[in-house]
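The following exercises train the reading of a protein model. Please attempt each task before studying its worked solution.

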Amino acid sequence: MSVKIQINCPDCHSPIFMESMLLLAGQSFKCSNPECRTAISLSLSESEKVAQAFNKFEHIRENAVNQARQVS
Ligand SMILES: [Zn+2]
């Protein structure tokens, strides 16, 4: 399950749209500002942290979905 993320460009503060799975796979994402062209990607140590955060997030989300199903 890929999660869409939006962060602000460190250079021009335009939004950069990312997908968690691609980000974790080491893909870089370009700034949406065509005149900026800043590309960002995660270093290995950062991607591990993000992966852990996403695993936690996915776990919480699944729990919420399961509980919602049980209620309805
Ligand atoms: Zn930028």
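**Exercise 1.** Determine where Ala25 is placed in the chain, and decide whether Ala25 is buried or exposed.

*Solution.* Step 1: Ala25 lies in the loop between helix H1 (20–24) and strand E3, where helices (H or I, at least four residues) and strands (E, at least two) are DSSP runs, numbered from the N terminus. The model is a predicted one, in which local features need pLDDT of at least 70, side-chain atom pairs count only at pLDDT 80 or more, and totals for chains, interfaces and linings use all residues. Residues are numbered from 1 along each chain as its sequence is written.

Step 2: Apply the cut-offs for burial: a residue is buried if 20 or more other C-beta atoms lie within 10 Å of its own, exposed if 12 or fewer, and partly exposed in between, with C-beta atoms placed from the backbone. Ala25 is exposed, because 11 other C-beta atoms lie within 10 Å.

Step 3: Add a distance. Ala25 and Leu42 are 17 residues apart along the chain, and their C-alpha atoms are separated by 9.1 Å.

**Exercise 2.** Describe the make-up and extent of the protein chain.

*Solution.* Step 1: The protein chain has 2 helices and 4 strands. Read from the N terminus, their order is β-β-α-β-β-α. The radius of gyration is 15 Å, well over the 11 Å that the globule rule gives for 72 residues, so the chain is more spread out than a compact globule. Here the radius is taken over C-alpha atoms, and the rule is 2.2 Å times the number of residues to the power 0.38.

Step 2: Along the principal axes, the C-alpha atoms fill a box of roughly 50 × 25 × 15 Å. Of the 72 residues, 7% count as buried.

Step 3: Consider the confidence, given as pLDDT, the predictor's confidence in each residue from 0 to 100. The chain averages 83, and 94% of the residues score at least 70. Among the elements, helix H2 (residues 44–71) has the lowest mean pLDDT (77), whereas strand E3 (residues 29–30) has the highest (90).

**Exercise 3.** Explain how E1 and E2 are joined, and state what is notable about phi in their hairpin.

*Solution.* Step 1: E1 and E2 run antiparallel and are joined by 5 bridges; two strands pair if DSSP finds at least two bridges between them. Gln6 has Phe17 of E2 as its bridge partner, and Asn8 has Pro15 of E2.

Step 2: The hairpin has 6 residues between its strands, and within it His13 takes a positive phi near 65°. Most residues other than glycine have a negative phi. His13 is not a glycine. His13 is exposed, with 11 other C-beta atoms within 10 Å.

Step 3: Look for a further case. Arg37, in the loop between E3 and strand E4 (39–40), also has a positive phi, near 65°. Arg37 is exposed, with 11 other C-beta atoms within 10 Å.

**Exercise 4.** Which residues of E2 form its covered face, and which its uncovered one? Identify also the contacts of Met18.

*Solution.* Step 1: In a regular strand the side chains alternate between the two faces of the sheet. The covered face of E2 holds Ile16 and Met18, while Pro15, Phe17 and Glu19 form the uncovered face.

Step 2: Met18 is buried, because 21 other C-beta atoms lie within 10 Å.

Step 3: Two residues are in contact if their C-beta atoms, placed from the backbone, lie within 7 Å. Leaving aside neighbours within four places in sequence, Met18 is in contact with Ile5, Ile7, Leu23 and Phe29. Met18 and Phe29 are 11 residues apart in sequence, and their C-alpha atoms are 6.4 Å apart.

**Exercise 5.** Establish whether Ile7 is buried or exposed, and how many residues of E1 are buried.

*Solution.* Step 1: Ile7 is placed in strand E1. With 12 other C-beta atoms within 10 Å, Ile7 is exposed.

Step 2: E1 is hardly covered, as the count of buried residues among its 5 residues is 0.

Step 3: Not counting residues up to four places away in sequence, Ile7 touches Ile16 and Met18. Ile7 and Ser47, 40 residues apart in sequence, are 15 Å apart from C-alpha to C-alpha.
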